[in-house]
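Here are my notes on this one, set out point by point. Have the viewer open while you read.

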Amino acid sequence: MATFTVNGENRSFDGDPGTPLLWYLRDEAGLTGTKYGCGQGVCGACTIHLDGVAVRSCVTTVEMADGKAVTTIEGLHPEGDHPVQKAWRELSVPQCGFCQSGQIMQAASLLAENQAPSDDEITQEMSGNLCRCGCYQRIHAAVRLAAGGV
Amino acid sequence: MLHYLKKEAEKAERKAAPAFIENVSRRGFVGGALAASGLVLAVHIPGASAREKLTPYPTGGADMPHGYGSASDPHVFVSIKPDGSVTILAHRAEMGTGVRTSLPMVVADEMEADWSRVSIEQAVGDEPLYGNQDTDGSRSMRHYIQPMRECGAAMRQMLEQAAATKWGVDASRVRAKAHKVVQLDDAGNETGETLGFGDLAEAAMALPVPARETLLFKTPDEFTYMRKGETKITDLHDITTGKAIYGADIRLPGMKYAVMIRPAVLGEKLKSFDPAAALKVPGVEAVHEIEGFHEAPRKFAPLGGVAVVANSTFAALKGREALTVAWEPSADHAGYNTDAFFEEMSETSKKPGKVIRDQGDVDAAFANAKTVFSEEYRCQHLNQAAMEPLVAVARVADGKCEVWAPVQSPYGAREDLAKALELPIENVTVHMTLLGGGFGRKSKWDFMIEAALISRKVGGAPVLLQWTREDDMHHSFYHTVSVERIEMAFDDAGKVTGFRHRTVAPSIVSTFAPDSGYQFNIEYGMGFVNTPFEVPNVRCENGQAFAHTRIGWLRSVSNIPRAFAVQSAVAEAAHLMGRDHRDFLLELIGSDRILDVKALGYPEDFWHYGDPYESFPVDTARLKHVINVATEKAGWGKELPKGQALGLAAHLAWHNYVATVVHVDVKADGTITVPHAVTAMDCGFYVNPERIRSQVEGAAVMGMSHALYSGITFKNGAVEQSNYYDYEIARMSNFPKVVDVVLVDPQPGRNAAGVGEPGLPPFAPALANAVFAATGKRLRMMPMGEKVA
């Protein structure tokens with residue numbers, strides 16, 4: 001049995017401890033904001049926070065979350081007004097939007113660690129998150145904009 | 001179970017053409033200069049600024065399946081509650097273009113609604129009611145701007161009429177304005193009397209829809225939302241908070257989760273399978289064979305295979321891993337190797353092919369040439385690879401079928417679901433969720449039929465069928481593989497006297513009809529027969545190539561290889577002749593003129609993106625203009641440090657004139673980077689410049705993906721790539737850092753072109769031309785690789 005918190009609520013899971021958090025969150029907890037994109041940790045669509053740090057939930061098992069705090073896009077800010085979310089809206093970043101939960105969680109983690117990232121640091125931190133619509137120019141600008149407000 | 005497809009295949013054989021081709025406009029084109037219709041007459045209303053009558057111009061939207069339906073009817077598309085809140089239907093699929101915002105915004109603007117009081121409702125698949133819903137081919141705005149403006153204008157006039165009746169005044173004494181109707185006095189001044197839309201809703205909706213010829217439209221200077229680019233997409237808050245609902249986010253009581261295993265090679269059939277180990281996996285509830293359809297043409301039929309149904313996605317995946325499955329080999333396609341196929345296509349391209357366009361005497365031009373240029377350009381297969389893998393939720397019970405899916409063609413899917421399940425179509429409902437990208441793959445509904453078949457196998461429980469990324473890579477409808485050969489003959493004065501283009505590529509037709517090895521008019525119309533060069537002798541030939549996988553369409557389709565080939569060849573020929581590339585390209589396009597396509601020897605069945613030629617005549621001045629705008633903005637001719645250069649390409653597609661300049665910086669280790677790109681676009685009338693810019697920025701990134709990274713290869717009939725680690729797309733670590741988009745101001749009479757796709761084709765050749773200018777290395781294969789050797 002793994003016990004952890006999800007967006008501040010206590011949770012436990014006694015199923016297969018090898019279950020990726022992605023599928024636990026989506027199929028068990030009903031939190032569908034975290035997206036499945038590749039299942040191999042190479043696209044970033046499923047990015048969540050484990051104790052505040054961005055991880056790929058498709059390759060992070062429930063067992064690995066034992067005793068830790070899981071934060072998903074739904075729990076990033078109670079009103080959805082985290083500076084990163086606001087910056088995303090200000091610059092109209094999304095096109096299809098599917099990758100954006102992961103992008104936002106990655107950016108929020110980056111800014112929690114480094115409140116004034118350089119352009120290269122933003123590029124490096126965000127390069128694991130794919131966007132097929134090609135919103136990178138605005139994503140980069142939105143991280144920069146949010147950095148002023150974190 | 002899938003015998004309906006057999007019937008369709010027989011039908012297709014008789015007609016030798018897929019159903020959707022039948023729906024394409026085949027009306028003859030009108031030669032010579034013919035200005036399109038447009039703004040004709042301004043009508044002044046006392047005390048108010050102008051409204052105008054607009055003469056409608058025909059588009060191919062009327063010839064699409066079910067035409068426009070009731071798209072101009074406010075009774076269908078608009079509802080107003082007594083509290084004044086307005087709901088507008090969005091009938092096209094939202095996959096990132098912003099259409100779910102842009103089309104309702106057109107209605108809201110014309111009817112004078114306050115956008116903050118408008119909510120959007122997604123329509124179900126019902127083309128007889130809403131009009132065609134095939135959200136591809138850059139058609140949504142191109143075909144629906146007019147009906148949506150009509151819908152909004154009609155609603156406004158109905159509200160005004162209702163107010164006039166209530167007040168007992170003439171209709172000229174009222175005017176809709178910002179969600180209410182105001183009363184005017186004799187002098188046209190507001191009297192202070194107003195009625196809100198909510199107060200008028202019931203009476204207005206009881207009125208008949210005004211005739212088209214009585215409608216008055218807002219003049220562009222009166223637009224509140226259109227053309228401003230200030231309206232945020234309607235799903236923006238939900239997307240940034242994880243609340244937006246995509247295909248896999250549907251949750252129904254008692255829903256099961258399923259995955260499937262499918263044959264790796266086209267034509268392989270299930271021989272046997274052993275479900276025992278899979279059924280032992282905790283959570284796995286059932287394992288079923290899902291019948292496929294194995295005779296070409298397969299259209300969008302399921303490939304067949306085995307489904308594992310479980311109480312969670314992860315259990316289903318574990319169950320699939322435990323399955324033992326054996327396949328009967330494919331007689332026709334197990335020998336498909338793309339490396340060898342390229343060599344065959346190359347040989348074919350060196351010989352004369354089927355002549356599709358013939359103008360002047362090309363043979364004489366080449367025989368008398370002083371200099372001849374000849375090169376071939378290759379493109380690998382591509383996969384759409386939208387971030388959201390295919391997924392559908394289906395419930396087939398009690399003689400009814402209900403499906404929720406990220407689908408570009410909800411009504412086509414509904415028709416095929418009805419046939420596959422042998423249900424009357426009224427018993428089938430298709431809900432469109434948001435699409436996590438589409439790019440053409442989600443126009444094909446095989447995954448929805450699979451989900452429905454699985455639901456039926458498990459007794460009608462709702463089933464979420466999830467495709468994995470690997471499934472998406474292995475079982476797509478791929479963008480074709482191609483060789484394009486471009487040849488030019490130069491006379492003593494260095495003028496181009498002959499232009500020959502040979503295209504060799506498996507055709508999309510093979511998915512719908514028996515494969516002749518030849519392409520068809522839609523593929524010929526995408527930058528093959530219609531290269532707008534002023535050259536006296538032109539021949540376009542098509543060499544045979546047979547399909548060994550399911551060929552589909554991907555954003556901008558055949559324009560990808562054509563723009564790459566033609567625009568690379570022009571730069572190469574310019575270099576060969578010692579000419580500046582821009583000057584040479586402008587000279588090839590030649591004089592300012594409206595093309596007389598009949599005189600130019602275009603084929604009788606020339607496909608002009610399904611639209612009547614006279615509504616979108618080709619104007620070379622517009623193409624030259626965007627070339628000048630893009631090159632000037634980018635600083636064409638400026639000195640750049642070693643390893644850096646500009647490259648240019650221009651392409652006309654979906655009636656949209658696009659020129660792109662790519663600035664490359666080739667690093668010391670050979671890595672190709674793009675610090676800057678400029679795209680100038682003349683798309684005619686437009687309503688949402690902000691979403692045009694976002695799509696052009698995105699097209700640059702996708703263009704870079706195709707140019708450098710992405711390629712699907714086949715070995716022994718099977719796809720060699722499996723996920724984003726070996727089918728790479730551009731990441732933030734290397735993408736066009738700054739993309740400037742310059743939109744040409746809309747001019748009267750220039751009708752709304754398609755926008756979603758045309759930004760893509762020029763990027764790769766512009767990049768290749770820049771790499772050559774920077775390094776002297778010419779890249780003639782897409783993908784080219786990230787590094788110049």
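1. Which domains does the domain assignment of chain A give? Keep in mind that this is a predicted model. The assignment splits chain A into domain 1 (2-75) and domain 2 (83-147). Measuring between C-alpha centres, you get 20 Å from domain 1 of chain A to domain 2 of chain A.

2. Now the contact between those two domains. On one side, domain 1 of chain A puts in 15 residues, and they meet 12 residues of domain 2 of chain A. Two strands of chain A, β3 (47-50) and β4 (53-56), each give at least two residues to the domain 1 side. The largest share of that side is three residues, and β3(A) supplies it. By residue type, the domain 1 side has seven nonpolar, seven polar and one charged.

3. On to the interface between the chains. Here 50 residues of chain B are in contact with 44 residues of chain A. On the chain B side, the elements giving two or more residues are α8 (236-241), α10 (313-322), α20 (689-709) and β29 (738-743). Have a look at α20(B) in particular, since the largest share of that side, seven residues, comes from there. The chain B side divides into 26 nonpolar, 14 polar and 10 charged residues.

4. What about chain B as a whole? Its secondary structure comes to 21 helices and 30 strands. The radius of gyration is 27 Å, which agrees with the value near 28 Å that a compact globule of 789 residues would have. Along the principal axes, the C-alpha atoms of chain B fill a box of roughly 80 × 75 × 55 Å. Buried residues make up 59% of the chain B total of 789. As for contacts in chain B with a separation of 6 or more, 81% of them join residues 24 or more positions apart.

5. A helix pair in chain B deserves a closer look. In general, two packed helices are described by the angle between their axes and the distance between the axes. For α13 (residues 410-421) and α14 (residues 446-457) of chain B, the angle is about 35 degrees and the axes are 10 Å apart. The α13(B)/α14(B) crossing is right-handed. From α13(B), the contact uses A413(B), D416(B), L417(B), A420(B) and L421(B), while α14(B) brings M448(B), I449(B) and A452(B). That contact has seven nonpolar residues, no polar ones and one charged.

6. Which residues of α7 (residues 197-205) of chain B are buried? They are F197(B), D199(B), L200(B), A201(B) and A204(B). The buried residues of α7(B) pack against β3 (78-80), β4 (86-90), α6, β7 (180-184) and β8 (190-196) of chain B.

7. Last, a loop residue. V169(B) sits in the loop between α6 (140-167) and β6 (174-177) of chain B. Is V169(B) buried, exposed or partly exposed? With 16 other C-beta atoms within 10 Å, V169(B) is partly exposed, because a residue needs 20 or more to be buried and 12 or fewer to be exposed. Setting aside neighbours within four places in sequence, V169(B) is in contact with A164(B), V174(B) and Q183(B). You can also check the distance to L184(B): V169(B) and L184(B) are 15 residues apart in sequence and 9.5 Å apart in space, C-alpha to C-alpha.

Technical notes: Residues are numbered from 1 along each chain as its sequence is written. Chains are lettered from A and ligands numbered from 1 in the order in which they are written. This is a predicted model: local features need pLDDT of at least 70, side-chain atom pairs count only at pLDDT 80 or more; totals for chains, interfaces and linings use all residues. Two residues are in contact if their C-beta atoms, placed from the backbone, lie within 7 Å. Helices (H or I, at least four residues) and strands (E, at least two) are DSSP runs, numbered from the N terminus. Ala, Val, Leu, Ile, Met, Phe, Trp, Tyr, Cys and Pro count as nonpolar, Asp, Glu, Lys and Arg as charged, and the others, Gly among them, as polar. Domain bounds come from an automatic or database domain assignment. The radius of gyration is taken over C-alpha atoms; the globule rule is 2.2 Å times the number of residues to the power 0.38. Axes are lines fitted to C-alpha atoms, for helices over the stretch in contact, and angles run from 0 to 180 degrees between N-to-C directions. A crossing is left-handed if the near helix is turned anticlockwise from the far one by less than a right angle, and right-handed if clockwise.
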